[in-house]
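Let's take a look at where empty space is left in this protein, and at one glutamine along the way. Have the model open as you read.

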Amino acid sequence: MTVPKISVIVPVYNAERYLDECVSSLARQTFPQIEVLLVDDGSTDASGGKCDAWAAKDGRIHAIHQSNAGVSAARNAGLDHARGEWVAFADADDWLEDDAFETLSSVGTAKTADMVLFNYRKAGDQQPEEPIPDGFLEVSDALDAVLAYHGVKGYVWNKLFRRELIQRARAKFDTAIGMCEDLLFDVTCLVHAKRVYSMNRCLYNYRENPDSALHAIKPEVARTCLIAHERMLGMVPETSRSAVQASDAIMAEEFLMRTYASHDVRNRDDYYAVLRRYWRQAFVREHSLKYRLRLVGGAWCPSLFYPMWNMLKGSN
């Protein structure tokens, strides 16, 4: 059996609407040495059958079925089956450019990188939200990039990982973390990386899923983002702690604001405590006036600031 160069892991759950478009973009890659691992996470629609149909049609595509256990468990199942030198991820409602893996394999090999970061665009857009760096990054700069609220961000689908790095870092997706689990995986890998390369070219196209919007996230799931950041603070070097703290504050502020919009006080004190502790780290890194205003208002007078903010936002 030919060993693939790149293993592409696609968690699938009730994705029948867009799954064919996603897998088609993988099947027509100009770089043929890939394996596609479709992990059906207990779908209740036609997704499981579509996975089997693709596996029967293309020998590089494999269908893995499991009882519903969440996206992290599905990605872990893919990692357990991956055989490639490199590992990539895709979401079932997104798609890649036809030469994505040809480009990434060439760059990753030529640069002897442990990870390659690349740019992406929203479905329907011609350009990315903003440019990202081109060239080698120090690990501290790569950590800054994935922890920022803009640019590269903490997704796993806009990164190529050397499988040996994942194994060396003993990186897995924590199934107890329902928010920022991908960021935690990125950071776990980066602290063990030696060479990280970044390229500004857009190779990935993503759809915004209204079901995964922040307002749809359950309070008990949202709070796990704080746990993820606590874990990251315990693993990054001292020079990167402020980047984790800034990310923690920005996430805490987002969910603190939503407790006032929804009148749901669950976890409000936890979010407020994190925001008060780290708002300065976020303020100096976040250049948007809107977010700076939110950071200050939320940290110093949330009970007055957020009702006014949400009222003004609702009137627009």
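## The cavity

Start with α10 and α12 (289–300): each of these helices supplies at least two residues of the lining of the largest cavity. This is a predicted model, by the way. The full lining is made up of Tyr149, Ile250, Glu253, Glu254, Tyr291, Arg294 and Leu295. Sort those residues by type and you get four nonpolar, three charged and no polar.

How much space lies in the largest cavity? About 30 Å³. Searching the whole structure turns up one cavity of 30 Å³ or more.

## The second largest pocket

Now for an open space. The second largest pocket holds about 300 Å³. It's lined by 20 residues, and Asp144, Ala145, Ala148, His150 and Arg285 sit closest to its centre. Two elements, α5 (139–147) and α10 (241–262), give two or more residues each to this lining. So α10 turns up here and in the lining of the largest cavity too.

As for the chemistry, the pocket lining has 12 nonpolar residues, five charged and three polar.

## Gln29

Over to the glutamine. Gln29 sits in the loop between α1 (19–27) and β2 (34–41). Is Gln29 buried or exposed? With a relative accessible area of 5%, Gln29 counts as buried, because the cut-off for that is under 20%.

A polar atom of the Gln29 side chain lies 2.8 Å from the backbone oxygen of Glu97. Leaving aside residues up to four places away in sequence, Gln29 touches Ile34 as well as Leu96, Glu97, Asp98, Asp99, Ala100 and Phe101.

Methods. Residues numbered from 1 in each chain as written. Predicted model: local features only at pLDDT ≥ 70, side-chain atom pairs only at ≥ 80, totals over all residues. Heavy atoms only, no water. Helix = DSSP H or I, 4+ residues; strand = E, 2+ residues; numbered from the N terminus. Buried < 20%, exposed > 50% of the residue type's maximum accessible area, 1.4 Å probe, protein only. Polar contact = N/O pair within 3.5 Å; in protein donor to acceptor, adjacent residues only side chain to side chain. Contact = heavy atoms within 4.5 Å. 1 Å grid on protein atoms, 1.4 Å probe; cavity = no way out; pocket = protein on both sides within 12 Å on 5 of 7 lines; lining within 4 Å. Points joined across faces, edges and corners; volume = space filled by probe spheres on them. Nonpolar A, V, L, I, M, F, W, Y, C, P; charged D, E, K, R; others polar.
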